[in-house]
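Colleague: I would like to go through this model and hear the reason behind each term you use. Please show it before we start.

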Amino acid sequence: MLLNVSYNRPKIKKQIEDSVGKSFSLVERIKLGGIGSGKLIINSASQQIQNLLVLDSYTNVCSLEIRPQGIILSFRSILETYALIIPYHKLHIYKGDSKQYSIYMDNYYVKVKADQKRIHQFMRKVLNHKVSVTGQGEDEYYS
């Protein structure tokens with residue numbers, strides 16, 4: 001689900017927590033070696049997301065946050081912050097080119113540039129966490 005998370009609304013916070021779980025504690029974050037991706041440059045996106053991104057002239061960037069039951073992909077448009085809430089059972093990550101990852105959920109997708117080693121390591125961490133939580137195989141993984 002794509003949500004505007006610019007304002008502190010308890011209803012939206014509850015929706016997010018019901019879908020992907022509460023944020024990890026500090027100890028859990030340290031054990032995982034961090035839960036955030038940093039800035040990722042967006043190459044392309046689905047129509048719904050692209051319609052939001054074209055509203056300003058800045059470079060389109062996003063970030064990923066690992067949660068216990070999924071991930072949150074967040075990006076900014078004008079002065080608003082939007083989040084794509086992706087539970088692990090709906091998450092699909094593909095590595096088409098050597099320098100691009102495609103993150104899919106239902107009819108939403110975002111393709112991000114992967115030109116640094118830290119991005120590859122973070123995507124591997126997301127996929128490993130997905131396997132440990134859901135037990136799903138590595139059918140969409142890359143070598």
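Modeller: What follows concerns the sheet, the helices on it and two pockets, all in a predicted model.

Colleague: What makes S6 and S7 a pair?

Modeller: Two strands pair if there are at least two bridges between them. Three bridges join S6 to S7 (residues 100-105), so the criterion of at least two is met. The two strands run antiparallel, and His 92 stands opposite Tyr 104 in S7.

Colleague: What is the order of the strands in the open sheet, and how are they paired?

Modeller: The order is S1-S5-S4-S3-S2-S8-S7-S6, eight strands with antiparallel pairing.

Colleague: Why are S1 and S6 said to stand at the edges?

Modeller: Strand S1 (2-4) and strand S6 (92-94) each have a single partner strand, so one side of each has no neighbour in the sheet. As for twist, neighbouring strands are turned by 35° against each other on average, with direction ignored.

Colleague: How do you know that H1 packs on the sheet?

Modeller: Contact requires heavy atoms within 4.5 Å. Helix H1 (residues 10-20) touches S1, strand S3 (61-67), strand S4 (70-77) and strand S5 (80-87), so H1 is in contact with the sheet in that sense. The direction of H1 makes about 30° with that of S5.

Colleague: Which strands does H4 touch?

Modeller: Helix H4 (residues 117-134) touches strand S2 (40-45), S3, S4, S6, S7 and strand S8 (108-113). The direction of H4 makes about 35° with that of S3.

Colleague: What makes a residue part of the lining of the largest pocket?

Modeller: A lining residue has an atom within 4 Å of a point of the pocket. For the largest pocket, 16 residues line it, and about 250 Å³ of space lies in it. Val 5, Lys 13, Ile 16, Arg 67 and Ile 72 lie nearest its centre. H1, S3 and S4 are the elements that give two or more residues to this lining.

Colleague: Why is Lys 13 counted as charged in that lining?

Modeller: Asp, Glu, Lys and Arg count as charged, so a Lys falls in that class. The lining of the largest pocket holds seven nonpolar, four polar and five charged residues.

Colleague: How many residues line the second largest pocket, and which element gives the largest share?

Modeller: The second largest pocket, with a volume of about 170 Å³, is lined by 13 residues. S4 gives the largest share, four residues. The lining divides into five nonpolar, six polar and two charged residues. Among the residues nearest the centre of this pocket are Phe 75 and Arg 76; Phe counts as nonpolar and Arg as charged.

Notes: Residues are numbered from 1 along each chain as its sequence is written. This is a predicted model: local features need pLDDT of at least 70, side-chain atom pairs count only at pLDDT 80 or more; totals for chains, interfaces and linings use all residues. Side-chain values use heavy atoms; hydrogens and water are left out. Axes are lines fitted to C-alpha atoms, for helices over the stretch in contact, and angles run from 0 to 180 degrees between N-to-C directions. On a 1 Å grid over the protein atoms alone, a cavity is a set of points where a 1.4 Å probe fits but cannot get out, and a pocket is an open set with protein on both sides within 12 Å along at least five of seven lines; lining residues have an atom within 4 Å of a point. Grid points are joined across faces, edges and corners, and a volume is the space filled by probe spheres set on the points.
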